[in-house]
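Here is a structure to look at together. The questions below ask why things get the labels they do.

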Protein chains: 2
Amino acid sequence: MTIHSVKGFRVAGAHGGLKPDNKPDIALITSDLPCRAAGVFTTNRIKAAPVLYDQSVLSDPSAGIRAIVANAGNANACTGEQGMTNTRLTAEHAAGRLGCRPDEVLVLSTGVIGVQLPMEAVIKGIDAAAEVLDAEAWEGANRAIMTTDTRPKMAGIINEEGYTITGIAKGAGMIAPNMATMLAIIATDADVPRAVLTDALQAAVKKSFNRIVVDGDMSTNDTVLLLANGASGVTIAEGDAQFQMAIEQVCTLLAQSIVRDGEGATRFVTIEVAGAPTTAQAEAVAQSIARSPLCKTAFYGSDPNWGRILCAAGYSGIDIQPDRLSLWLLDPDYSLSYHLVEGGRPRDYDEAAAITLMKQPEWVFRLDLGMGQEAAKVWTCDFSYEYVTINGHYRT
Amino acid sequence: MTIHSVKGFRVAGAHGGLKPDNKPDIALITSDLPCRAAGVFTTNRIKAAPVLYDQSVLSDPSAGIRAIVANAGNANACTGEQGMTNTRLTAEHAAGRLGCRPDEVLVLSTGVIGVQLPMEAVIKGIDAAAEVLDAEAWEGANRAIMTTDTRPKMAGIINEEGYTITGIAKGAGMIAPNMATMLAIIATDADVPRAVLTDALQAAVKKSFNRIVVDGDMSTNDTVLLLANGASGVTIAEGDAQFQMAIEQVCTLLAQSIVRDGEGATRFVTIEVAGAPTTAQAEAVAQSIARSPLCKTAFYGSDPNWGRILCAAGYSGIDIQPDRLSLWLLDPDYSLSYHLVEGGRPRDYDEAAAITLMKQPEWVFRLDLGMGQEAAKVWTCDFSYEYVTINGHYRT
C-alpha cells in the first residue's frame, strides 16, 4: 500500500530507550496548523494515564491539537498519580520542543503495565524525533509504535476533491508481558467541523475497530485519534457521505490489518451474518462466532466445523430460529462457495474441497438467519499454537 | 471417591455400537419407584432433540420418572424431525424393555452433531444394559457417557438422616469433531416434593455448573437431571437447608471435576472475587477473568500476570474502582499467599516464588474490589497447546 503525505503534517519515529537494540520507540505526529480532533477510547474501567489525559484535553470543544506523542515499550497503566504526572511531563516537553502549548499535545502509550515511564528515554526520544520530522515519514512513525506487531499497518485515501486521509495503527491482540493495545492515528488535511469529525470517527470505529476480534480481550490503552488541520482548503460539510465513507474505509483497512497480524494468527476469517431483523442482531451473532475459542481452533485446523458455528450463533443471546439457518463457506471474492447447512441441517457438501479452501490464509463464513434483511461483518483470526506460545511463555 | 448405591436405583453401562472398540456407549439409570424429577437445560437457542423431549416430559408437574437412557457418540442435534422421532423411539424401546410408560423415560445424548442416531446400536445398547442393571454399577454407567473425558466424574453424600445422593457427570469442554456437552445425573432416595427438588437443583446449578469455564462455549445438549424416588423413607420439607447444601456440594464436586478434566487442561484455577456490592457483580468479574484467553494462556505459562487479570476485571461490565483493587495469589488451602496488587498498583512481591506456586496444578487468584461485602468463586482451567490440538486437529 502506498502511503500519502498529508498537507501540513510532519511526522517521525525515533529511539529514546524504551525498546532495546536501538529500535524506534517514540513517534511524533505534528501539524503546522492547529487540528480539530476526535478520539475514541477504551471502555475498560481501568484506563491508562494517557487515555485519561487525552479525554481531558478533548473535553474542551475548542481544543486545537498540534502534536501527538506516542511511545511503545511502556503502557503507563496502573501507575497512579506518578503516571498522570509523567503523561503531563511528556506533553509539556513535546510542547516546549515544538513551540506550542501542552494542551495542544495528545499522548499515547503502549507496552508493559504497572511500570513508571522512563522519562529520560521519553524525553530523549521526543528530542530525537523532533530533529527528523518529515512529511513522508509515516512508516517510520508507525514502526515506533509497534510492539508484537510483525509489520507496519497503514492505509490512505486521496479524495478527488483534493484532500488526503492517512492512517497508521498498531495492535496484535493484547501482548506479553502484560498487555498491549490497539492504537490508531488518522490524519487529514480536510477542514472538518469538530462535530462532523466526531460523528464520522464514531460511526467508522463502530464498523471497523469494534468489529475485529483477535482474542476478545480489551486493553486499558485502546485509542483511535483523528486529526484534521484543514491545510488542503477543502471544507467538509455536515452529512458529507463521501468523507464518512473514506474515514470508514481507512479505519476498516487498518482494523483488518490488525487481525491479519494477530498474535499467532495463521488465518484471516470474515464472519458475515445476513438475514437478521437488525444490524445489531447480525453483529451480535457474528461476534459470538468470531470470539468462540472452539470456532477459532477449528479455523486453525482447517475444519469446516459447521456445528460449532451454529452452536456459537445459538448462544449469542439473539433469538435465532434453528430451522431457518443457512451456512456457506466462501473464498474471499465469493467465487468459490460451499453450502454447508440449510434449514439448520447439514447438506451433502464436498468436505474435502471445503478443507482445501480452509487451508488457504483467507476465507469467509456466511450465516443467513432467515429472519430479516440486515447484515454485518466481523473479522477474526484463528487460535494457534503460536498464540499460546506468545501469550503463555513470555515472562517465565 | 467412594460412590454409594442409592436405594431403589439400579444402573448399567453397555456397548451398543455408537463408539468403536466395544467401549460402553449406553447408560441406563432405573428406579424401582417412580421418581420426582427436576432438570436444568442448555439455554442455547439450538437445542438437541433429547433436550426438547425431556423439557416436554418434565413440563407435566405430575411426571414420574422410571428411567434415563443416555448415549454417547451422537448428540442427536441439528437432526430435525427424524431426530425427535429417534429420541421418542429410544424412550419407547427402554420403556418396553423395563415395563414402564415412554413418558416415564428421559433421554440424554452427547457426541457428534448433524448425524442421525444409529437406532440399531441404541436398541442393542439398551437391551444389553437392561440385562446387567446393578445398584453398584454407577461407574460403569458413568463410563458409558464419556466422550473426550479422560476419567469418570462422580460424587456422593450419605446424609446422617438416612438418605443418599449420588451423582455422575461428563464434560470436558465442547469436543471434536463437532461439539459435546456437559451432562450430569444426580439420584437420591430422599422423598422430595417436586417444587423443592426444582428449587434445590436450580440454586445448586447456579453456584456450580454455571460457575465453571473450560472454553466458554455452550453446547446444544447441556443437561443436569435430579431424580428422587423416596425409597429411603426420609421426607425433605420445604426450606431444608441441609438437603440444599448437599445437592449443592454434589453439583460443585461434579462441576469441579469437569474443569480438572477440561480439554488440554494442565491447571485448575479458582477465581475468587470479593468486596463486591452484590454476588452477581462478584460473579460477573470472576467470569470475565475466567473466560479471558489472555489470562488462560498466562495460567498455562505459570505467569503471575496481574495486569491481564485487572484488565479482564476492567472490561467485565461492572463499575469497578481501579484504585481500590487488591489481588492475591494463593495456594488451594490459602496457606501460601502473595499480595500482588494493592490500590490498583503492583506491590513488590516475590515473583520467583509466585511463579513456583503457579507451576503447581492448582491455585487461587483472589481479587478484592474494595466496594462491598459480597463474593463469588468461579473455577477455570488454562489454555494449552493440547487444547488447540484436541480442538483444531480432530477431523483434518
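Q: What are the axes and angles that helix crossings are described with?
A: Axes are lines fitted to C-alpha atoms, for helices over the stretch in contact, and angles run from 0 to 180 degrees between N-to-C directions. Helices (H or I, at least four residues) and strands (E, at least two) are DSSP runs, numbered from the N terminus.

Q: What kind of model is this, and how are residues and chains labelled?
A: It's a predicted model, where local features need pLDDT of at least 70, side-chain atom pairs count only at pLDDT 80 or more, and totals for chains, interfaces and linings use all residues. Residues are numbered from 1 along each chain as its sequence is written, while chains are lettered from A and ligands numbered from 1 in the order in which they are written.

Q: Why are α8(A) and α9(A) called roughly antiparallel?
A: The axes of helix α8 (residues 293–300) of chain A and helix α9 (residues 306–314) of chain A cross at roughly 155 degrees, coming within 9 Å. Angles under 35 degrees count as roughly parallel, over 145 as roughly antiparallel, 65 to 115 as roughly perpendicular and the rest as oblique. So α8(A) and α9(A) are roughly antiparallel to each other. Their crossing is left-handed (the near helix is turned anticlockwise from the far one by less than a right angle; clockwise would be right-handed).

Q: What makes the contact of α8(A) with α9(A), by residue and by class?
A: Leu294(A), Cys295(A) and Ala298(A) come from α8(A), and Arg308(A), Ile309(A) and Ala312(A) from α9(A). Being in contact takes C-beta atoms, placed from the backbone, within 7 Å. By class there are five nonpolar, no polar and one charged residues. Ala, Val, Leu, Ile, Met, Phe, Trp, Tyr, Cys and Pro count as nonpolar, Asp, Glu, Lys and Arg as charged, and the others, Gly among them, as polar.

Q: How do you know whether α2(A) and α3(A) are parallel or antiparallel?
A: The axes of α2(A) and helix α3 (residues 119–131) of chain A cross at roughly 25 degrees and come within 10 Å. That angle therefore makes α2(A) and α3(A) roughly parallel to each other. This crossing of α2(A) and α3(A) is right-handed. Among the residues making the contact are Leu89(A) and His93(A) of α2(A), and Val122(A) and Ile126(A) of α3(A). The residues of this contact divide into eight nonpolar, three polar and two charged.

Q: Why does Cys78(B) count as buried or exposed?
A: A residue is buried if 20 or more other C-beta atoms lie within 10 Å of its own, exposed if 12 or fewer, and partly exposed in between. Cys78(B) has 27 C-beta neighbours inside 10 Å, so it counts as buried. You'll find Cys78(B) in the loop between β3 (65–74) and α2 (80–98) of chain B. Its phi is near 55 degrees, a positive value in a residue other than glycine.

Q: What makes a positive phi worth pointing out in a residue other than glycine?
A: Most residues other than glycine have a negative phi. Tyr334(B) has a positive phi of about 60 degrees too, and isn't a glycine. Tyr334(B) sits in the loop between β11 (326–330) and β12 (337–342) of chain B. With 11 other C-beta atoms within 10 Å, Tyr334(B) is exposed.

Q: How do you know whether Glu238(B) is buried or exposed?
A: Just count: 9 C-beta neighbours inside 10 Å, so Glu238(B) is exposed. Glu238(B) belongs to the loop between β9 (223–228) and α6 (241–260) of chain B. Leaving out residues up to four places away in sequence, Glu238(B) touches Pro193(B) and Val196(B).

Q: What makes helix α8 of chain B mostly covered?
A: In helix α8 (residues 293–300) of chain B, eight of its eight residues are buried. They include Lys296(B) and Phe299(B). Just after α8(B), Ser302(B) takes a positive phi of about 55 degrees.

Q: What makes β5(B) and β6(B) a pair of strands?
A: Two strands pair if DSSP finds at least two bridges between them. Strand β5 (residues 153–158) and strand β6 (residues 164–170) of chain B have six bridges, in the antiparallel sense. β5(B) and β6(B) form a hairpin with five residues between them.

Terms used:
Two residues are in contact if their C-beta atoms, placed from the backbone, lie within 7 Å.
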